[in-house]
Every structure is written in structure tokens, then in C-alpha cells.
Amino acid sequence: MLKAADFRKMAREALKGNWLVAVGTGFIAYLLGGSIIYSGGSGSVSVNGETAEQAATGLAAEPGLAAFLLMALATVSVIAIAYAIVMTIIGGAVSMGYAKFNLNLINRNSPKVEDLFSQFKHFKRAFVMRFLKSLFIILWTFLFIVPGIIASYSYAMAPYILYENPDMTGREALTASKELMKGNKWRLFCLEISFIGWSLLSAITLGIGYLFLRPYAEAAGAAFYREIKWEKMKQQAGM
């Protein structure tokens, strides 16, 4: 049985000569809400050592500045909400396209940036898959945090399955992913955890390292999907 180190090795080998296109595609996928495997503390803010109350008092003394900041905050909030809505709507199709890209990468089948936008012809199926996946995870999380985490692993392979099975509905892809991930959720967790060192190094580079970590982790995720799918096929064939 292959382990996390094996999937990372497959990813590195597939990325040789493809780093540039993988980094660019991964960045676009991230901006459009199309991540599959890899999704990338709170503290107080002071203004020149002032407390929040002191800062608020200062703003009250400058009504023009306060009005400007409130308008800026409202504008940013509207833009952020609109952006989140757009990502929610198109994220499913983009994640299917990103699944195609990463499978082409792992299979040495000429991955292209255009792969990312190739699945909008299946927009409805992709949207249903993404919407139901988010809904189920949220509902399980309401029960308790752990069931929500387990659900996220159960449905993780849905974009790959939906891409490879054009006759499936979004709901059926989630069910198939849940079945495929039986006995494999811990393996996927270990694969994700194995990138923690790279995540720390990426943080030190002020986030620049994530440009390279994302395609690395996603390629490893595609290798993982290909392997567990093959294992499932052998099991069903009695091999």
C-alpha cells in the first residue's frame, strides 16, 4: 500500500518540466475557488500603541476621516461578498477543470491552463456537487466539529469522480466519493499532514512559497486519487 511519501514522489516527478504551468494554473484555481486537496490565530490590532477605544475616540474627533474609512470598509465588504458569491457559483466547474489538469499532469498527458476552464459545459452538475458538498459538511459540523472534518474527507474525491464520469449527477459523485474514501480517509489526512513542514517554510517566505506548495500538494492529491481508484477496481475484481 502506497504512503504519503510515495504520492509526494509521484507529484515531484510529474512536476519536472511542468512547474511553471502548474504554479500558474494553481494560482488561478485558487483565485476562482477551485482548490481540491490543498486549501490554504487571531490577534489584536493597535494604532501607534493606542487601544481600540482610544483609536475610536480619535476617529470621532475627525468625522471626515471616520466617514471615509466607513465608506472604504463598506466598499471592501461588498466586493468581498460579491467575490465569495462568484467563487461559490463557478468553484465547482473550476475544481472539475483543476481535477482534469492534475490528472493530466500525473498521467503525463500534456497538462494545460485551458484544462481549468474545460468543464464549464458541465456547470450545472458541478454547481450541484459543490453546493451539496458544502451543505453536508456544514450540517455535519453543526452536530460536532469531528463529523464535519470526516465529511470533508469523505467527499474530497468528488471533483475527480465527476470529471471522469460525465453521466453522473453531482449527488451521485458525492456518494461515489464517500464509498471510495472508506478506509482511505486516514491516508488522505496523513498525506495532507506530510506537507506541514513545507507550509511553515512557505509562511516564512511571506506566502510566496505557497505558489509552489499548492501545485505540489494538488498533484500528490491526484496521484492519491488515481491509486485508491485502482485499488478499488482490483478489490471489486477480486484481485
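This report describes the fold, salt bridges, aromatic pairs and surface charge of one protein chain. The structure is a predicted model.

**Overall fold**

The chain contains 11 helices and 0 strands. Its order along the sequence is accordingly written α-α-α-α-α-α-α-α-α-α-α. Of its 239 residues, 38% count as buried. The exposed surface of the chain amounts to about 13900 Å², and carbon and sulfur atoms supply 68% of that area.

**Salt bridges**

Side chains of opposite charge can pair when their charged atoms come close. The structure holds 5 salt bridges. Three pairs, with the N to O distance of each, are set out below.

| Pair | N to O distance |
|---|---|
| K100 and D115 | 4.0 Å |
| E164 and K229 | 2.8 Å |
| R187 and E231 | 2.9 Å |

In the salt bridge of K100 with D115, the closest N and O atoms are 4.0 Å apart. K100 belongs to helix α4 and D115 to the loop between α4 and α5, so this pair ties together parts that are 15 residues apart in sequence. D115 counts as buried, at 3% relative accessibility.

The side chains of E164 and K229 meet in a salt bridge with an N to O distance of 2.8 Å. This pair links distant parts of the chain, since E164 lies in helix α7 (residues 158–164) and K229 in helix α11, 65 residues apart. Both partners are partly exposed: E164 has a relative accessibility of 31%, and K229 has one of 30%.

Helix α11 also supplies a partner to the salt bridge between R187 and E231. Here R187 is in helix α9 (residues 185–193) and E231 is in helix α11, with their positions 44 residues apart in a link that again joins distant parts of the chain. R187 is buried, with a relative accessible area of 12%. In addition, E179, K182 and K232 are linked in a network of salt bridges.

**Aromatic pairs**

The count of aromatic pairs comes to 11. In one of them, the ring centres of F7 and F224 are 5.4 Å apart and the planes stand at 75°; the pair is therefore edge-to-face, as an angle over 60 degrees is required for that class. F7 is buried, at 1% relative accessible area, and F224 is likewise buried, at 0%.

W19 and F212 form a tilted pair, with 6.2 Å from centre to centre and 55° between the planes. W19 is partly exposed, with a relative accessible area of 31%, and F212 is also partly exposed, with 45%. Elsewhere, F123, F127 and F131 form one aromatic cluster.

**Surface charge and backbone**

K9, R12, K16, R108 and R226 make up a positive surface patch. One of these residues, R226, lies in helix α11 (residues 210–236) and is partly exposed, with a relative accessible area of 33%. Another member, R108, is located in the loop between α4 (63–106) and α5 (123–143).

Most residues other than glycine have a negative phi. R108, although not a glycine, has a positive phi of about 55°. L206 is also not a glycine and has a positive phi of about 60°. L206 is found in the loop between α10 (196–204) and α11, where it is exposed, with a relative accessible area of 80%.

Technical notes:
Residues numbered from 1 in each chain as written. Predicted model: local features only at pLDDT ≥ 70, side-chain atom pairs only at ≥ 80, totals over all residues. Heavy atoms only, no water. Phe/Tyr/Trp six-rings, centres within 6.5 Å; stacked < 30°, edge-to-face > 60°. Buried < 20%, exposed > 50% of the residue type's maximum accessible area, 1.4 Å probe, protein only. Patch = residues over 30% accessible without salt bridge, like charges linked within 9 Å, V, L, I, M, F, W, Y side chains within 5 Å. Areas by Shrake-Rupley, 256 points an atom, 1.4 Å probe, with all protein chains shown as cover. Lys, Arg positive; Asp, Glu negative; His and termini not counted. Charge placed at Lys NZ, Arg CZ, Asp CG, Glu CD. Helix = DSSP H or I, 4+ residues; strand = E, 2+ residues; numbered from the N terminus.
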